[in-house]
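Hi,

Here is the structure I said I would pass on. Have a look at it first, and then read on for what turned up.

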Amino acid sequence: MKGKTALVTGSTSGIGLGIANALAAGGADIVLNGFGDAGEIERLRASLAATHGVSVSYQAADLSRAADIDAMFARLAEAGIGIDVLVNNAGIQHVAPVEQFPVERWDAIIALNLSAAFHTIRCALPGMKSRGWGRILNIASVHGLVASVDKAAYVAAKHGIIGLTKVVGLETARTAITCNAICPGWVLTPLVQKQIDARASQAGLSEQEAKVALLSEKQPSVDFVTPQQLGDLAVFLCSESAAQVRGAAWTVDGGWTAQ
Ligand code: NAD
């Protein structure tokens, strides 16, 4: 992937960081994005660059705001950075029954988990087309394919992003640009740790018992997917071997959706 630049949204943590790391290991220059302590992010940026000998920069855009996304792409263009690989990964979760779901949380989840991908794609595609190559990877979820209770906004956004992936996959089908979705099952990241902690405190379980309970309910392997595995899949989807994988929703879910 030498000579390519990948923007990975929400790459200061969890899956995004795993994907940024794998793409950097494959030789891609990286643009990081996401929230966090400035010193910690700078340490992350410097360590990725030093470990893989690639150029790594950071963009602090709040992707729930369309104007921030436009401004981020304007800064990248000004700096002469073209985005060849766009990984839409930033996402949040909120768990509540639909009639108690806070309207503000619904809006925030749709804005980040769905609309942000529309805005980054609309900003990144013209550059990919002019350079004649591109890869768009949308990190959806098994919840883009099946539902769970109490996750109305998340499931709606993830189903939506799979629809968006198909449309962009079709609109770019006669080009060397592909657009695909990755649908992970449970991955042990801060986003899921919160759900484990809530389960442990509600049911009076130890952390380990809460993890097993969470996995057993949905994920037949009773084992977590890792950010490294998702990073390796992202590298494959960026390769020429994956040039005819288009508009797919690729599960990595320990068997969750096979049931
Ligand atoms: P995480 O909480 O570890 O990381 C989320 C990242 O998004 C962080 O870098 C955070 O700073 C960033 N972020 C949050 N709000 C942002 C905003 N407004 N603008 C820019 N960045 C923002 O979560 P994760 O588990 O690594 O999740 C990453 C993606 O994978 C999400 O889209 C999530 O829905 C999806 N996913 C996660 C799992 C799982 O089990 N963890 C499973 C399936 C899908």
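Before anything else, a word on naming: helices and strands are DSSP runs, at least four residues for a helix and at least two for a strand, and they are numbered from the N terminus. With that in hand, you can place Asp150, which sits in the loop between S5 and helix H5 (152-171). Please keep in mind that this is a predicted model.

**The whole protein**

The secondary structure adds up to 8 helices and 7 strands. Measured out along the principal axes, the C-alpha trace spans about 55 × 40 × 35 Å. A compact globule with 259 residues would have a radius of gyration near 18 Å, and the protein agrees, because its own value is 18 Å. Of those 259 residues, 49% count as buried.

The contacts reach across the sequence too: take those between residues at least 6 apart, and 71% of them join residues at least 24 apart. On the outside, the protein exposes about 11,400 Å², with carbon and sulfur atoms supplying 56% of that. As for charge, there are 20 positive and 22 negative side chains, and the centres of the two sets lie 7 Å apart.

**Asn138**

Is Asn138 buried or exposed? It counts as buried, since its relative accessibility is 0%. You will find Asn138 in strand S5 (residues 134-139). Its side chain has a polar contact with the side chain of Asn88, at 2.9 Å. Setting aside residues up to four places away in sequence, Asn138 touches Asn88, Ala117, Ile121, Ile161, Thr165, Cys179, Asn180, Ala181 and Ile182.

**The loop between H7 and H8**

Three residues in this part of the chain are worth a click. Start with Phe224, in the loop between helix H7 (207-218) and helix H8 (227-237). Phe224 has 17% relative accessibility and the limit for buried is under 20%, so Phe224 counts as buried. Beyond its neighbours within four places in sequence, Phe224 is in contact with several residues, including Trp186, Val187, Leu188, Leu214 and Gln219. Gly254 is 30 residues away along the chain, yet the C-alpha atoms of Phe224 and Gly254 are separated by 7.7 Å.

Gln219 lies in the loop between H7 and H8 as well. Its relative accessible area is 0%, so Gln219 is buried. What does the side chain of Gln219 reach? The backbone nitrogen of Trp186, at 2.6 Å. Residues touched by Gln219, not counting those up to four places away in sequence, are Gly185, Trp186, Phe224, Val225, Asp253, Gly254 and Trp256.

Val222 belongs to the loop between H7 and H8 too. With a relative accessible area of 39%, Val222 is partly exposed.

**Two positive phi values**

Most residues other than glycine have a negative phi. Val222 has a positive one, near 50 degrees, though it is not glycine. Asp150, in the loop between S5 and H5, also is not a glycine and has a positive phi of about 70 degrees. Asp150 counts as partly exposed, because its relative accessibility is 31%.

If you want a place to begin, try the polar contact between the side chains of Asn138 and Asn88, then go to Gln219 and the backbone nitrogen of Trp186.

Cheers

Definitions and conventions:
Residues numbered from 1 in each chain as written. Predicted model: local features only at pLDDT ≥ 70, side-chain atom pairs only at ≥ 80, totals over all residues. Heavy atoms only, no water. Buried < 20%, exposed > 50% of the residue type's maximum accessible area, 1.4 Å probe, protein only. Polar contact = N/O pair within 3.5 Å; in protein donor to acceptor, adjacent residues only side chain to side chain. Contact = heavy atoms within 4.5 Å. Rg over C-alpha atoms; globule rule 2.2 N^0.38 Å. Areas by Shrake-Rupley, 256 points an atom, 1.4 Å probe, with all protein chains shown as cover. Lys, Arg positive; Asp, Glu negative; His and termini not counted. Charge placed at Lys NZ, Arg CZ, Asp CG, Glu CD.
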